[in-house]
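This briefing goes through a few strands, one helix residue and a metal site. The sequence and structure come first.

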Amino acid sequence: RIIERDLWQALDRGEFHLRYQPKVNLANGSPTGAEALMRWHHPELGDVSPADFIAIAEANGSIETLGRWALETACREAATWPEPLGVSVNIAPQQFCSGNIASDVESALAASGLRPGRLTLELVESEMLESDATVLRRVESLKRLGVRLSLDDFGTGYSSVGYLSRLRFDEIKIDRQFTTNLGTDPGAQGIIRSVVVLAETFDMKIVSEGIETPEQALFLRLAGCQEGQGFLYSEPLTSAEFRARFAGTG
Ligand code: G
Ligand code: G
Ligand code: MN
Ligand code: NA
């Protein structure tokens, strides 16, 4: 496949950049930060979605290099946003488990000068994140750096309550499908309310994704979700666009 062949050199050729999707406080609509999302502009294929290359990057091992680049770039760009706006960076399971994630994070913070509390790492549930001793040690060393940890795509996979109590995330991101299904699936409302109770039990913030309508935003706010992101507020933006539109400076 072309994607697999070109992935390794794409970074050196400057074909990747990051977009930032704003996250807002659902109570008053004010921005709290943004999620960094990778984009690949391929010379022949055009824009390739991360949905199409992240899995391949995980399979051929280039995800570690790509992930480190995303971490460094996101920290460097977010350091130009005013306090206390934060940035959330997606960390693939393989990136979390291989190499030394804590030293990668420490280097990215040091190089950018970003205050650690402004960086959130979004981890996805997977069998790789089963809480064995190594995972717990890695989580603890990240927490010692002062960064925030978010459990992404919650509700899609391996989530267990025991897992939440052991790993002590700062935040849960409820998967987009539950927001999308709010109007049509009565179960989606119940699941969101249950996750809110769970989050309160463990003192975690709740973030919803994929918010497209004011009705969805209203339900989520009344259910107790503190933050949200989605096309209702903004599509993913460049760092400069985000700064200009959401931080009041050019
Ligand atoms: O932005 P878009 O909807 O095309 O993203 C598709 C998927 O790719 C999302 O699930 C998103 O979490 C993932 N993704 C985007 N950027 C990154 C990244 O920098 N690292 C990892 N691991 N996943 C990413
Ligand atoms: O899995 P992850 O949450 O990292 O994926 C984020 C992806 O979801 C981004 O690629 C972004 O383009 C997409 N996205 C963001 N907001 C919305 C939305 O309101 N509706 C839909 N359908 N997709 C969205
Ligand atoms: Mn995410
Ligand atoms: Na997600």
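Helices here are DSSP runs of H or I with at least four residues, and strands are runs of E with at least two, numbered from the N terminus. The model is predicted. The points below cover a residue of helix α1, the pairing of strand β4 and the coordination of a manganese ion.

**Helix α1**
- D6 belongs to helix α1, which spans residues 2-10.
- D6 counts as buried because its relative accessible area is 5%, and the cut-off for buried is under 20%.
- Leaving aside residues up to four places away in sequence, D6 is in contact with W40 and H42.

**Strand β4 and its partners**
- Of the 6 residues in strand β4 (residues 86-91), 5 are buried.
- β4 pairs with strand β2 (residues 31-42) in the parallel sense, through 4 bridges.
- In that pairing, S88 in β4 lies opposite E35.
- β4 also runs parallel to strand β5 (residues 119-124), with 5 bridges between them.
- There, V87 is opposite L119 in β5.

**Metal site**
- E35 (OE), N90 (OD1), E122 (OE) and D152 (OD) coordinate the manganese ion (ligand 3) at 2.2 to 2.4 Å.
- Along the chain, the donors of this manganese ion have the spacing E-x54-N-x31-E-x29-D.
- Distant parts of the chain are linked by E122 in strand β5 and D152 in strand β6 (residues 148-154), which are 30 residues apart.
- Both E122 and D152 are buried.
- D152 also bridges the manganese ion (ligand 3) and the sodium ion (ligand 4), and these two ions are 3.7 Å apart.

Conventions: Residues numbered from 1 in each chain as written. Chains lettered and ligands numbered in written order. Predicted model: local features only at pLDDT ≥ 70, side-chain atom pairs only at ≥ 80, totals over all residues. Heavy atoms only, no water. Buried < 20%, exposed > 50% of the residue type's maximum accessible area, 1.4 Å probe, protein only. Pairing = 2+ DSSP bridges. Contact = heavy atoms within 4.5 Å. Donors = N, O, S within 2.8 Å, 3.2 Å for Na, K, Ca; no water.
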